[in-house]
Amino acid sequence: MSQGFFITGTDTEIGKTHSAVALIRLYQEQGKRVLAMKPVASGCEILPDGSWWNDDVARLTAATGQTDLEWMNPYRFLPPVSPHIAAREAGVEIELPRIVDHYRRLQTQADIVLVEGAGGWLAPLSDSLFMSDMARSLGLPVILVVGMRLGCINHALLTAKAVCDSGLELAGWVANCAQPPQAAYTANLDTLKRHIPAPLLLEIPYQPAA
């Protein structure tokens with residue numbers, strides 16, 4: 001049975017996909033066959049040939065070499081808004097059993113499957129479902145991506161507590177510098193190391209756009 005992890009973040013736009021790609025490469029260097037899953041993707045485009053394109057999905061599949069996007073990304077929406085709004089506007093209900101079924105199929109093809117959520121831990125999927133419900137339905141250990149910026153300590157500790165309170169394992173966390181290094185970066189990192197009840201898996205430096 002392959003191992004899986006659910007990747008969540010302290011917020012949106014804090015580098016979940018960037019961190020997931022870094023983890024994929026880390027596991028690949030260990031000789032693992034790694035697949036990725038992005039169950040719900042908002043902010044998609046339809047290309048001239050009629051195919052769908054999403055930046056997160058494209059970056060994950062480029063890292064893993066996956067070609068079957070239907071199994072990797074079962075729900076995709078055009079507007080770059082919260083999944084519950086995008087799904088409602090499209091007349092679609094996001095169904096957790098379908099996501100679990102897709103994950104189980106990927107699980108048979110890899111040593112490790114990384115499942116990247118959308119937004120943060122409590123990002124809504126519908127009026128009654130949240131990203132945390134997806135993680136619980138999959139039953140996966142959670143990796144928390146912390147966007148290292150002003151306010152991240154509060155966001156990180158609240159999210160870590162919510163993950164632990166859900167009954168899922170907090171397997172580790174990633175410190176991602178999605179912005180230029182914050183003031184007192186080292187002191188903030190040390191504070192997070194002391195208070196997040198899981199190991200720091202990766203520290204990713206700021207990489208300005210070319």
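Helices are taken here as DSSP runs of at least four residues, numbered from the N terminus, and in this predicted model one such run, helix H2, covers residues 55-64 and contains Asp 56. Asp 56 is also one of the positions that UniProt, in an unreviewed entry, lists under "binding site", together with Thr 17 and Glu 116. These three residues span 100 residues in sequence, yet no two of their C-alpha atoms are more than 9.3 Å apart, so they gather at one spot. Thr 17, Asp 56 and Glu 116 are, moreover, included in the lining of the largest pocket.

The surroundings of two of these residues can be described in further detail. Thr 17 is placed in helix H1, which comprises residues 16-29, and its relative accessibility is 4%; because the limit for a buried residue is under 20%, Thr 17 counts as buried. When residues up to four places away in sequence are left aside, Thr 17 is in contact with Asp 56, Arg 59, Leu 60 and Glu 116. Asp 56, by comparison, has a relative accessibility of 23% and therefore counts as partly exposed. With the same exclusion of sequence neighbours, the residues touched by Asp 56 are Thr 17, Lys 38 and Glu 116. Between the side chains of Asp 56 and Thr 17 there is, in addition, a polar contact of 3.1 Å.

The model also contains an open sheet of 6 strands, paired in the parallel sense and arranged in the order E2-E7-E1-E8-E9-E10. Strand E2 (34-37) and strand E10 (200-204) stand at the edges, and since each has a single partner strand, one side of each is left without a neighbour in the sheet. From one strand to the next, the twist averages 20°. Within this arrangement, strand E8 (residues 142-147) and strand E9 (residues 170-176) are joined in parallel over 6 bridges, and Gly 147 has Asn 176 in E9 as its bridge partner.

Helices pack on this sheet as well. Helix H5 (residues 96-107) touches strand E1 (3-9), E2 and strand E7 (112-116), and the direction of H5 makes about 170° with that of E2. Helix H7 (residues 152-165) lies across E1, E8 and E9, and runs at about 170° to E8.

Notes. Residues are numbered from 1 along each chain as its sequence is written. This is a predicted model: local features need pLDDT of at least 70, side-chain atom pairs count only at pLDDT 80 or more; totals for chains, interfaces and linings use all residues. Side-chain values use heavy atoms; hydrogens and water are left out. UniProt positions are given in the numbering used here, feature names are shortened, and annotations may be inferred rather than shown by experiment. On a 1 Å grid over the protein atoms alone, a cavity is a set of points where a 1.4 Å probe fits but cannot get out, and a pocket is an open set with protein on both sides within 12 Å along at least five of seven lines; lining residues have an atom within 4 Å of a point. Helices (H or I, at least four residues) and strands (E, at least two) are DSSP runs, numbered from the N terminus. Buried means under 20% relative accessible area, exposed over 50%, partly exposed in between (1.4 Å probe, protein chains only). Contact means heavy atoms within 4.5 Å. A polar contact is a pair of N or O atoms within 3.5 Å; within protein, one must be able to donate a hydrogen and the other to accept it, and residues adjacent in sequence count only if both atoms are side-chain atoms. Two strands pair if DSSP finds at least two bridges between them. Axes are lines fitted to C-alpha atoms, for helices over the stretch in contact, and angles run from 0 to 180 degrees between N-to-C directions.
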